[in-house]
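Me: I've got this chain open on my screen and I'd like a close look at a single part of it. Could you walk me through the helix packing, and then show me how the rest fits around that?

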Amino acid sequence: MAALNKKDASPYWYAWYQDAAGKQHSKSTGIPREPADPAHAQSNEEAARKIAEEYERRAKAGLPVEGSGGAPAAVAGIPSYKEFTGFWIVGIGGDKKYHDKVTGYFDNIGQFLQKKIDWPICQLHAPDFAGLKPVLLAKGYSPTTVTAHLKLLRQVFLAAIDQGFALDCPIGPADYIANPSPNRPTPFSVPQVEWLANATKIIDWRTAILLAFYCGMELSEASTLLWDTVNFVTKRISWTTFTRRGNPIIMEMPLHPVLEHHLLALKNASPSLCVAPSLRAMSGTASRAHFRKLIAKSKLPSPSISTKLHGNYNKVQFGSIKLAFAREVGHADLYRLARFLHQLSPKEFEAKITGLPHLQLKSIPLLGPNEPTP
């Protein structure tokens with residue numbers, strides 16, 4: 001029975017398997033033992049185990065184990081994986097944008113397969129793709145995008161089966177990454193945002209909540225905002241956000257009257273260069289922990305929101321406020337929110353931001369009177 005073992009000098013899982021004569025062999029699976037995201041450690045180990053089992057199957061059958069021999073012989077009338085996927089991509093139709101996207105996905109899969117792209121498509125089986133998920137995740141692709149790769153791959157092999165070029169499909173629904181967004185936040189309603197903003201007299205937390213609701217900022221963006229990015233003359237606020245791939249996007253928004261009033265009062269009272277100095281001093285983990293405590297103490301009036309620090313709490317995040325912002329400006333969720341806003345005309349953008357609901361805020365002694373109502 002094939003097994004896995006560790007080598008101190010290597011970060012990868014090693015396969016321990018026998019050949020037909022019972023001789024033991026050890027070979028790297030190429031799968032990291034400790035992925036960048038610890039949540040994927042189990043799936044990495046499962047992928048490595050599949051590869052180890054394939055090593056033993058081939059060794060006991062007298063076939064060369066991957067890396068120690070050539071590719072399988074061509075099968076008459078059977079296209080290679082590369083040939084078949086090329087034909088399949090041409091036949092799927094769609095516009096150029098979709099075609100380029102699908103081609104990019106298959107380029108990623110081809111880089112993983114390397115020389116195997118020239119194997120007959122019928123010679124590729126589940127163990128040949130066992131390491132694909134860990135490799136794509138390690139490259140920085142989201143679980144959703146990785147699952148999109150696997151779904152396309154499954155479609156290709158199902159098409160090959162339909163045409164008599166393959167016997168089985170190496171990818172099944174069980175290989176997809178279940179619940180690609182397990183921590184997707186539950187959106188707050190406007191009254192819940194208002195309740196939360198009034199649930200604390202810690203000024204920096206009210207500031208962060210208002211920046212999230214009136215600008216769609218992340219907690220990390222609100223925590224690091226500097227006063228020189230707020231222009232009270234032009235009534236604009238700007239900052240840099242990042243896409244999922246890490247590409248920077250410059251955001252500039254009009255100041256909503258409620259946010260403008262709050263920031264102006266805060267500016268007059270604050271000697272700091274930072275808009276929310278106490279949050280800037282916290283680590284990301286600490287600030288999220290403080291926000292959890294704020295949620296728990298606020299006792300939001302909704303049976304759909306758990307205020308426990310465990311259980312279903314992961315559905316209530318700072319992103320729940322940003323999601324409320326997205327809904328109010330007419331976008332369904334947080335995916336490509338910045339792109340949606342950039343595509344608006346200046347007039348539409350101004351109208352959407354200044355048209356956001358006016359939160360009724362309780363006064364805080366240091367900031368003076370309540371924020372104005374419309």
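Reply: Here is a walk through helix H7 and its neighbours, followed by the sheets and a couple of loop residues.

Keep in mind that this is a predicted model. For orientation, the chain has 14 helices and 6 strands. Of its 374 residues, 43% are buried. If you take the contacts between residues at least 6 apart in sequence, 61% of them join residues at least 24 apart.

Let's start with H7. Two packed helices are described by the angle between their axes and the distance between the axes, and those are the two values to look for here. Helix H7 covers residues 203-215, and its axis comes within 7 Å of the axis of helix H12, residues 319-328. The two axes cross at roughly 30 degrees, so H7 is roughly parallel to H12. As for the hand of the crossing, H7 and H12 make a right-handed one. On the H7 side, the contact is made by Ile 209, Ala 212, Phe 213, Tyr 214 and Cys 215. H12 answers with Ile 321, Lys 322, Ala 324, Phe 325 and Glu 328. Sorted by class, that contact of H7 with H12 has 8 nonpolar residues, 2 charged ones and no polar ones.

Now look at H7 from its other partner, helix H6 (residues 190-197). The axes of H6 and H7 come within 9 Å and cross at roughly 160 degrees. That angle is over 145 degrees, so H6 counts as roughly antiparallel to H7. H6 brings Val 190, Val 193, Leu 196 and Ala 197 to this contact, while H7 brings Arg 206, Ile 209 and Phe 213. The class count for H6 with H7 is 6 nonpolar, no polar and 1 charged. Try clicking on Ile 209 and Phe 213: they are listed in the contact with H12, and they are listed in the contact with H6 too.

There is another residue to pick out here, Leu 259. What does Leu 259 touch, leaving out residues up to four places away in sequence? The list is Leu 210, Leu 211, Tyr 214 and Cys 215. Leu 259 itself sits in helix H9, residues 257-269. Is Leu 259 buried or exposed? It is buried, with a relative accessible area of 0%. Leu 259 and Tyr 214 are 45 residues apart along the chain, yet their C-alpha atoms are separated by 7.0 Å. Tyr 214 and Cys 215 are worth a second click, since they belong to the H7 side of the contact with H12 and are touched by Leu 259 as well.

Between H7 and H9 in your sequence view you'll pass a sheet. It is an open one of 3 strands, in the order E4-E5-E6, with antiparallel pairing. Strands E4 (230-231) and E6 (248-254) are the edge strands, each pairing on one side only. Strand E5, residues 236-242, is joined to E6 by 7 bridges. To find your place along that pair, use Ser 238, which stands opposite Glu 252 in E6.

In the loop between E4 and E5 you'll find Lys 235. Its phi is near 60 degrees, a positive value in a residue other than glycine. Most residues other than glycine have a negative phi. Lys 235 is partly exposed, with a relative accessible area of 38%. Gln 114 is another case, with a positive phi of about 55 degrees although it is not a glycine. Gln 114 lies in the loop between helix H3 (96-113) and helix H4 (132-138), and it is exposed, at 58% relative accessible area.

Finally, scroll back to the start of the chain for the other sheet. This open sheet of 3 strands has the order E1-E2-E3, again with antiparallel pairing. Its edge strands are E1 (3-5) and E3 (24-32), and the twist averages 35 degrees from one strand to the next. Strand E2 (residues 12-18) pairs with E3 over 6 bridges, and Gln 18 has Gln 24 in E3 as its bridge partner. Helix H1, residues 41-60, lies across E1, E2 and E3 and runs at about 30 degrees to E2.

Methods. Residues numbered from 1 in each chain as written. Predicted model: local features only at pLDDT ≥ 70, side-chain atom pairs only at ≥ 80, totals over all residues. Heavy atoms only, no water. Axes fitted to C-alpha atoms, helices over the stretch in contact; angles between N-to-C directions. Helix = DSSP H or I, 4+ residues; strand = E, 2+ residues; numbered from the N terminus. Parallel < 35°, antiparallel > 145°, perpendicular 65-115°, else oblique. Left-handed = near helix turned anticlockwise from the far one by under 90°. Contact = heavy atoms within 4.5 Å. Nonpolar A, V, L, I, M, F, W, Y, C, P; charged D, E, K, R; others polar. Pairing = 2+ DSSP bridges. Buried < 20%, exposed > 50% of the residue type's maximum accessible area, 1.4 Å probe, protein only.
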